[in-house]
Amino acid sequence: MTEQLRQRFEREREVEQAKNELMTNLSHDLRTPLTSIIGYLRLVKDQQYNNEQERQHYIETTYNISLKFKNLVDELFEYTKLSLSDVEAQFQQVDLNGVLYQLVGEYTPIFESQDLRVHLTIPDKPTLVSIDIEKMVRVFDNLLSNAEKYSYKSSDVKIALQKSLNQVIVSISNETHYIEPEELDKLFERFYRIDKARSSTVSGSGIGLAIAKRIVDLHEGEIWAESEGNRIIIYVTLPLPPDTKEKETIYEDL
């Protein structure tokens, strides 16, 4: 009984600590863009500009910051929904090859505009998985977007899909600055960003990977990051449907 009480106390303390960290990070992430919006609008309201071109610049800047602010609120809302204990997923069997092929195709022009070379490696045969397609597209969209934002110019982005007897492994890798192992472990925490100052040069709330992890968890899969020098690799594993595994076993026996 004493041990149970101790464990319960530890869990409650961890929950309280996580709640405090969430509120601290949330306050920072919401206050920063809101302060900028108010500041620029005050300049326009008080007519503190030299000409029409400068006024228009203030308006456009305010609009862009407002879009980032909306994106942050949307991601917070999505993370909150995914964190509910009764969150539901609409599973259906789909060919993951086709999903990746379409997503990478949509991102290829964006990559190429940044002088990034795209390499997609997928099996010839269909890879059937049972997923909530809308949620899993959100995961891969986030990972591809991060690869585009944080890659060195004139480098390679590699996307690969491999299949084992029990699971599917998707990897997305890109070249970027070296990331310490302890930072790799924190990438999927809420609000964590490697650039501690949360620089505005790269848009992002630091919650996208936490959303991805929550979605992968809902699919009873795993997501993690590894690094090889200046190349970071994000791995996503998803279990294969039981009937698919049985068919593959029969095929291998034959």
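# Briefing: helix burial, salt bridges and backbone features

In helix α4, the buried residues are Lys135, Met136, Arg138, Val139, Phe140, Asn142, Leu143, Leu144, Ser145 and Ala147. The structure is a predicted model. The protein has 254 residues, of which 33% are buried, and its secondary structure comprises seven helices and seven strands. Seven salt bridges are found in a search of the whole structure; three of them are described below, together with a charged surface patch and local backbone features.

**Overall organisation**

- Along the sequence, the helices and strands of the protein are arranged in the pattern α-α-β-α-β-β-α-β-β-α-α-β-β-α.
- The elements in this pattern number seven helices and seven strands.
- Buried residues account for 33% of the 254 residues in the protein.

**Helices α4 and α6**

- Helix α4 covers residues 133-150 and has 18 residues.
- From its first C-alpha to its last, helix α4 reaches 26 Å, which is close to the 26 Å expected at 1.5 Å a residue.
- The buried residues of α4 include Lys135 and Arg138, as well as Val139, Phe140, Leu143 and Leu144.
- Helix α6 spans residues 208-218, and Gly208, Leu209, Ala210, Ile211, Ala212, Ile215 and Val216 are buried within α6.

**Salt bridge within helix α2**

- Asp74 and Lys70 form a salt bridge in which the closest N and O atoms are 2.8 Å apart.
- Both residues belong to helix α2 (residues 52-83); because they are four residues apart there, about one helical turn separates them.
- Asp74 has a relative accessibility of 37% and therefore counts as partly exposed.

**Salt bridges between strands**

- Arg117 is paired with Asp156 in a salt bridge, with 2.7 Å between the closest N and O atoms.
- Arg117 lies in strand β2 (residues 117-121) and Asp156 in strand β4 (residues 156-163), so this pair ties together parts that are 39 residues apart in sequence.
- The two partners fall into separate accessibility classes: Arg117 is partly exposed at 38% relative accessibility, whereas Asp156 is buried at 16%.
- A further salt bridge joins the side chains of Arg231 and Glu175, with an N to O distance of 3.1 Å.
- This second pair links distant parts of the chain, since Arg231 is in strand β7 (residues 231-239) and Glu175 is in strand β5 (residues 167-175), 56 residues apart.
- Arg231 is buried, with a relative accessible area of 12%, while Glu175 is partly exposed, with a relative accessible area of 27%.

**Approaches between distant positions**

- The C-alpha atoms of Asp156 and Glu175 are separated by 6.9 Å, although the two residues are 19 residues apart along the chain.
- Asp156, in strand β4, takes part in the salt bridge with Arg117, and Glu175 takes part in the salt bridge with Arg231.
- The C-alpha atoms of Lys68 and Pro33 are separated by 7.8 Å, with their positions 35 residues apart along the chain.
- Lys68 lies in helix α2 and is partly exposed, with a relative accessible area of 43%.

**Negative surface patch**

- Glu180, Glu182, Asp185 and Glu189 form a negative surface patch.
- Asp185, one of these residues, is located in the loop between α5 (181-184) and α6 (208-218).
- The relative accessibility of Asp185 is 62%; exposed residues are those over 50%, so Asp185 counts as exposed.

**Positive phi angles**

- Most residues other than glycine have a negative phi.
- Ser154 is not a glycine, yet its phi is positive, near 55 degrees.
- Ser154 is found in the loop between α4 and β4 and, at 39% relative accessibility, counts as partly exposed.
- Glu220, also not a glycine, has a positive phi of about 60 degrees.
- Glu220 comes just after α6, in the loop between α6 and β6 (222-228).
- At 69% relative accessibility, Glu220 counts as exposed.

Definitions and conventions: Residues numbered from 1 in each chain as written. Predicted model: local features only at pLDDT ≥ 70, side-chain atom pairs only at ≥ 80, totals over all residues. Heavy atoms only, no water. Patch = residues over 30% accessible without salt bridge, like charges linked within 9 Å, V, L, I, M, F, W, Y side chains within 5 Å. Areas by Shrake-Rupley, 256 points an atom, 1.4 Å probe, with all protein chains shown as cover. Salt bridge = Lys/Arg side-chain N within 4 Å of Asp/Glu carboxyl O. Lys, Arg positive; Asp, Glu negative; His and termini not counted. Charge placed at Lys NZ, Arg CZ, Asp CG, Glu CD. Helix = DSSP H or I, 4+ residues; strand = E, 2+ residues; numbered from the N terminus. Buried < 20%, exposed > 50% of the residue type's maximum accessible area, 1.4 Å probe, protein only. Expected span 1.5 Å × (residues − 1).
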